[in-house]
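Colleague: I'm new to this one. Could you walk me through how to read it?

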Number of protein chains: 2
Amino acid sequence: MSLPRTIADVGEFGFLARMLPRLPGDGRVVVGPGQDCAVVRVGARSVVLTVDALVEDVHFRAGWLSPRQLGRKSFLVNVSDIAAMGARPRFALVSVGVPPTYPARDLAALQTGIVAAAREVGASVVGGNLTRAERLFVSVTLVADAPTRLITRQGAAVGDRVYVTGTLGDAALGVRVLQGSMRAARGATAVRRYREPQPRLQAGRVLVGTGVLSAMMDVSDGLVQDLGHICEQSGVGAVIRSVAVPRSRVYRALMGDDDSLALRGGEDYELVFTVPPARVARLERLRTRLGCPITHIGDIVTGRRARVLGASGALRAMRTGGYDHFARKP
Amino acid sequence: MSLPRTIADVGEFGFLARMLPRLPGDGRVVVGPGQDCAVVRVGARSVVLTVDALVEDVHFRAGWLSPRQLGRKSFLVNVSDIAAMGARPRFALVSVGVPPTYPARDLAALQTGIVAAAREVGASVVGGNLTRAERLFVSVTLVADAPTRLITRQGAAVGDRVYVTGTLGDAALGVRVLQGSMRAARGATAVRRYREPQPRLQAGRVLVGTGVLSAMMDVSDGLVQDLGHICEQSGVGAVIRSVAVPRSRVYRALMGDDDSLALRGGEDYELVFTVPPARVARLERLRTRLGCPITHIGDIVTGRRARVLGASGALRAMRTGGYDHFARKP
C-alpha cells in the first residue's frame with residue numbers, strides 16, 4: 001500500500017490534486033482544480049467559481065469571532081479568492097452546519113454577517129442549506145463575473161518583480177493576542193485585522209484589468225507558502241527581501257524585528273503578484289487606483305522555491321510544502 | 001424576546017426564509033432563496049445553482065454508506081434538485097470536512113464516488129475544499145444550464161393533477177432495514193435504493209422542456225412534506241389518494257398496507273409535479289420518453305395543505321410543517 005494512512009498525511013493539496021478533473025474534453029472548463037478559483041464558460045461569458053469553509057475548532061475558536069464576525073469572515077475569505085482573479089462577486093450559496101443547541105440569536109447574527117458581507121461586495125445570497133452538525137461550519141460558494149483577462153498562479157517568469165498589497169502578519173498576530181500570548185491592549189488592531197478581513201477586490205480588478213501582471217494569488221496561508229504555489233505552478237523560484245516585507249506599526253511594536261508572522265502567518269487576505277520588468281512603470285502609475293498600498297518585496301529567479309534574504313545577507317530556504325489545517329490546532 | 005431559543009426551533013425553512021434576499025434591485029436574480037435551486041442570469045444565459053450537505057450522524061450513520069456511496073450520494077442529492085428544475089448539471093464544487101483520523105483510503109473512495117456521480121450526469125468537478133472537522137461532512141454546489149422554461153413550486157392551480165415518478169417509501173424502508181428493525185434479506189432492494197439514489201434528470205428535462213407542468217419539486221423529505229411546499233407556495237391544497245401512491249414490490253412485501261413511509265419517508269429523490277387538465281393528454285404521450293413510470297396520485301384543490309384520502313374514505317389532514325434534520329436523530 002502506497003497510500004498514506006490518514007488525512008493528515010494527504011493534506012488539502014493532495015486532496016485537490018486528486019479531486020479529479022474535468023471530464024475529458026469538456027471545453028467549457030477554462031481553469032480547473034488547483035487554482036484559487038475555477039473558471040468556466042457559460043454561453044459567451046466566463047464565470048469564476050470558488051468554495052471555502054470555516055470550521056469551529058479548526059479555523060477558529062468559539063470566543064475568537066462573534067457570530068456576526070464569523071458570518072462576515074466566512075463570506076469574505078471566499079471573496080479574497082475572487083479578488084485574486086480580478087473578478088466581480090455576484091451570487092452566493094451558503095451551506096451552514098450548527099449544533100442543535102446553537103442559540104437562534106447567534107444564527108440570526110451569523111446570517112446578518114453573511115448578508116452584510118454580500119452587500120459590501122455587491123453580491124446576492126441566492127440560496128443556502130442549513131443542517132445540524134456536531135461543530136459549527138460555514139461553507140460559502142461564490143459565483144463571480146470573470147474579467148476579460150485571466151490571471152492564475154502559472155504565469156510568473158524569471159526577472160519578474162514580486163509585490164504584495166497592504167501589510168502582512170497582522171492577522172496571525174491577532175490570533176496570538178486572542179490566544180493570550182501577546183498583550184491584548186496593544187494588539188487590538190491586529191485582532192481586528194483577524195476578525196474583519198478586507199479582501200483586495202478593487203486592487204485585484206485594477207491589476208488584472210490593466211494587464212500588468214504575470215501571476216497573482218491571495219495570501220491566505222502565509223506569504224512564503226502562497227508565493228511557493230506561484231513558484232511551483234510557474235516553474236520558477238523567488239527571493240524575498242525580509243526587510244522589504246511590509247509590516248504594520250502594531251506588528252513592529254509587538255514583534256520587533258521578528259519577521260516570522262509576516263512571512264508565514266495566514267489569514268491576511270492580501271494579494272501577492274508578479275510583474276514583468278517592462279510593465280513596472282505602468283504598475284507604478286496605477287498606485288492611486290488600487291485602494292491600498294503595494295510593496296516590491298523581491299524577485300522571481302530560477303529554481304522552484306520561495307526563499308528569504310535576511311537582513312544579515314543569509315538566504316533562507318523555506319518550506320513551501322504547505323500550511324495545512326490538519327497539521328495544527330488553532 | 002420573540003426569537004426562538006435554539007436552532008431546533010428555527011428549522012431549516014426558517015433559516016432559508018431569513019437568509020435574506022437578493023440585494024434590492026438585482027435583476028439578475030431570477031429565482032431566489034426558497035426553491036430547490038436559485039436561478040441567475042449570466043449574460044444571455046440563465047444558470048441554476050444549488051447546494052446541499054450530508055453530515056455524519058445527521059443524514060447517515062457511518063456504517064450505512066460506504067465512502068464511495070457517500071460521495072456518490074452527496075453529489076446526487078444535489079442533482080435531484082437540478083432535476084426538479086429540468087436543468088442540466090455542468091459544474092460542481094465540493095467542500096469536504098473530515099476527522100484527521102479518517103483513512104486516506106476512504107477519502108480516495110469518497111472522491112471516486114463523487115467523480116463517478118459527476119460522470120453519470122455529465123458534469124465536471126472544477127474545484128473543492130478539504131478541511132478538518134469533528135464529523136464527516138460533504139457539501140456539494142452544482143451549477144447547471146437552465147431550461148428555457150422555468151418551473152418552480154409556485155404554479156399549481158386548483159384542478160391540476162398531481163403526479164409522482166417511480167415509487168415512494170423505499171429509501172425510508174432501507175433505513176429501517178439498516179437500523180435493524182426490518183429483516184435485512186428481503187430488504188436489500190430498499191437498502192440499495194437508500195444508498196444509490198437515481199435522480200430523475202431525464203424525466204425532469206422532458207417534463208419541463210415540453211411545457212406540460214404547472215409546478216414541480218423533488219421528493220427528498222417525504223411526499224406529504226414536499227407536496228405541502230408546493231401547496232404553500234402556490235396557495236392551494238392537495239388531496240392524495242393513498243391507494244394510488246406507487247409502492248414497490250419490496251415495500252408491499254415488508255409494509256403490507258401501511259402507507260406511512262410512502263407518504264412521509266424521505267430520500268427517494270423522485271419528482272412530484274402538477275399538470276393542468278388541458279395538458280394531461282400531452283403528458284400521457286410523453287410517458288415513454290421519461291425513463292421512469294409516472295403515477296397520477298391526486299389532485300390540487302382549494303385550501304393550503306396536502307391531505308390524504310385513505311382506503312376507508314377518511315380524509316387525513318397531515319402536518320406539512322416540515323421534516324427537519326434537527327427534529328430527529330438518524
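Modeller: Sure, let's go through domains, a helix, some strands and the core. Keep in mind that this is a predicted model.

Colleague: Let's start big. Which domains does the assignment give for chain A?

Modeller: Domain 1 of chain A covers 7-145, and domain 2 covers 161-327. Their C-alpha centres lie 22 Å apart.

Colleague: And helices? How do I read α2(B)?

Modeller: In general, an α-helix has 3.6 residues a turn, so residues three or four places apart point the same way. Here, helix α2 of chain B runs over residues 67-84. At 1.5 Å a residue, its 18 residues should span 26 Å, and the end C-alpha atoms are 26 Å apart, so the two agree. Just after α2(B), B:Gly86 has a positive phi of about 70 degrees.

Colleague: Is α2(B) largely enclosed or open?

Modeller: Largely enclosed by the rest of the structure, because 16 of its 18 residues are buried.

Colleague: Now the strands. What does β3(B) pair with?

Modeller: β3(B) pairs antiparallel with β2(B) over five bridges, and nine bridges join β3(B) to β6(B), also antiparallel. On the β2(B) side, B:Val42 faces B:Arg45; on the β6(B) side, B:Ala53 has B:Ser139 as its bridge partner. Two residues sit between the strands in the hairpin of β2(B) and β3(B), where B:Gly43 takes a positive phi near 60 degrees.

Colleague: Which residues have the most contacts inside the largest nonpolar core?

Modeller: That core has 214 residues, and those with the most contacts inside it include A:Leu49 and B:Leu49. Beyond its sequence neighbours within four places, B:Leu49 touches residues including A:Phe91, A:Val126, B:Cys37 and B:Val143.

Definitions and conventions: Residues are numbered from 1 along each chain as its sequence is written. Chains are lettered from A and ligands numbered from 1 in the order in which they are written. This is a predicted model: local features need pLDDT of at least 70, side-chain atom pairs count only at pLDDT 80 or more; totals for chains, interfaces and linings use all residues. Domain bounds come from an automatic or database domain assignment. Helices (H or I, at least four residues) and strands (E, at least two) are DSSP runs, numbered from the N terminus. The expected span of a helix is 1.5 Å times one less than its number of residues. A residue is buried if 20 or more other C-beta atoms lie within 10 Å of its own, exposed if 12 or fewer, and partly exposed in between; C-beta atoms are placed from the backbone. A nonpolar core is a set of buried Ala, Val, Leu, Ile, Met, Phe, Trp, Tyr and Cys residues joined through C-beta atoms within 7 Å. Two residues are in contact if their C-beta atoms, placed from the backbone, lie within 7 Å. Two strands pair if DSSP finds at least two bridges between them.
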